[in-house]
Amino acid sequence: MTVKDRNKNIIKNSDGSLDKIINLVYSNAVGRFMLNIVTQPFVSKAVGAFMDSRISSVLIKPFIKANGINTDDFIMDDVDTYNKFFTRKIKNGRRSVDMDKDSFISPCDAKLSVYRLNNDSVFNIKNSFYKVSDLVKCKKLADKYNGGWCMIFRLEVDDYHRYCYIDNGRKSGNNFIKGVLHTVNPIAFDHYNVYKQNCREFSVLHTENFGDVTQIEVGAMFVGKISNHHGRYRFRKGEEKGMFLFGGSTIVLLVEKDKILPCGEFLENTADNCETIVKMGEKIGTSLH
């Protein structure tokens, strides 16, 4: 997968080696049989228990070195397990939230793709088609987003795994959908409808400036827990909404028709089959009101 910055410079262009391995696993019977085991939630829980133990701290320094993470950006006090490192908080001032009421912001650090939802509430990712109703298990809710936008934020293991609210407003309760945990690597889309099979949690955000936005947190391989801080709740823009524990993860935002206009670079990059790097709190669209 090609990843660009907001100036359309290529940051990462995969050599395909990891994709080939994943493709091999997903495309043969033995690999799929093993996936039926390793992608079960009980395996994720076992991995999570290890990542919560102090023994897991031996993984931290090698991971930092391998991924070139600048720990100066983060609060590292009392980080004595891998999950504490993975969910580390960022220092004040290291992420700037655009507080302009017309600025639609990214909820997280991620690689972003943006798709227009057609009249059948279907969007396309890597030549696989996904109905919005499959994501939220509710056709009535899905129908709200006809003609709107689907924004897909793919977090990798070296990304900041806490996420914030995109505006002021109030939220519905959290709706958890149990599923099998598969990798969010795009190669998997050729063999499994990943977003339908992964566990996920969604809530409707009744925002002040962008209408009703449905936010869906999607678990990936070895992410056994999506940790949202609030049930029904009145929130403020930039306030922390929750976090993912160990693994790569995805956030999906569904936005109603005629509420926002995404910034052009995201539409152009997505059309070119490229993701765009975004940071939590930065402007990614503009209100149309």
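Start by selecting Glu256 in this predicted model. Glu256 has a relative accessible area of 15%, and the cut-off for buried is under 20%, so Glu256 counts as buried.

Keep Glu256 on screen and add Lys144. The two form a salt bridge, and their closest N and O atoms are 3.4 Å apart. Glu256 sits in the loop between S16 and strand S17 (260–262), while Lys144 sits in the loop between H7 and S7, so this pair ties together parts that are 112 residues apart in sequence. Lys144 is partly exposed, at 33% relative accessibility.

Next, select helix H7, residues 139–143. Which residue here forms a salt bridge with Asp143? The partner is Lys139, with the closest N and O atoms 3.0 Å apart. Both residues lie in H7, 4 residues apart, which is about one turn of the helix. Asp143 is partly exposed at 33% relative accessibility, whereas Lys139 is exposed at 58%.

Now move to strand S7, residues 149–155. Is this strand mostly covered or mostly open? It is mostly covered: 7 of its 7 residues are buried. In a regular strand, side chains alternate between the two faces of the sheet. To look at one side of S7, select Trp149, Met151, Phe153 and Leu155; for the other side, select Cys150, Ile152 and Arg154. Both faces are covered.

With S7 still selected, add its neighbours. Strand S4 (residues 110–116) runs antiparallel to S7 and is joined to it by 6 bridges. To see one pairing, pick Leu112, whose bridge partner in S7 is Phe153. Strand S16 (residues 249–255) also runs antiparallel to S7, with 7 bridges between them. Here, pick Arg154 and look for Thr250 in S16, which stands opposite.

For the last stop, go back to salt bridges. The whole structure has 19 of them. Select Asp73 and Arg94, which form one with the closest N and O atoms 2.7 Å apart. This pair links distant parts of the chain, 21 residues apart: Asp73 is in the loop between helix H4 (60–67) and helix H5 (82–86), and Arg94 is in the loop between H5 and strand S3 (103–105). How exposed is Asp73? Asp73 is partly exposed, at 21% relative accessibility. Arg94 is partly exposed too, with a relative accessible area of 37%.

Notes: Residues are numbered from 1 along each chain as its sequence is written. This is a predicted model: local features need pLDDT of at least 70, side-chain atom pairs count only at pLDDT 80 or more; totals for chains, interfaces and linings use all residues. Side-chain values use heavy atoms; hydrogens and water are left out. Buried means under 20% relative accessible area, exposed over 50%, partly exposed in between (1.4 Å probe, protein chains only). Helices (H or I, at least four residues) and strands (E, at least two) are DSSP runs, numbered from the N terminus. Two strands pair if DSSP finds at least two bridges between them. A salt bridge is a side-chain nitrogen of Lys or Arg within 4 Å of a carboxyl oxygen of Asp or Glu.
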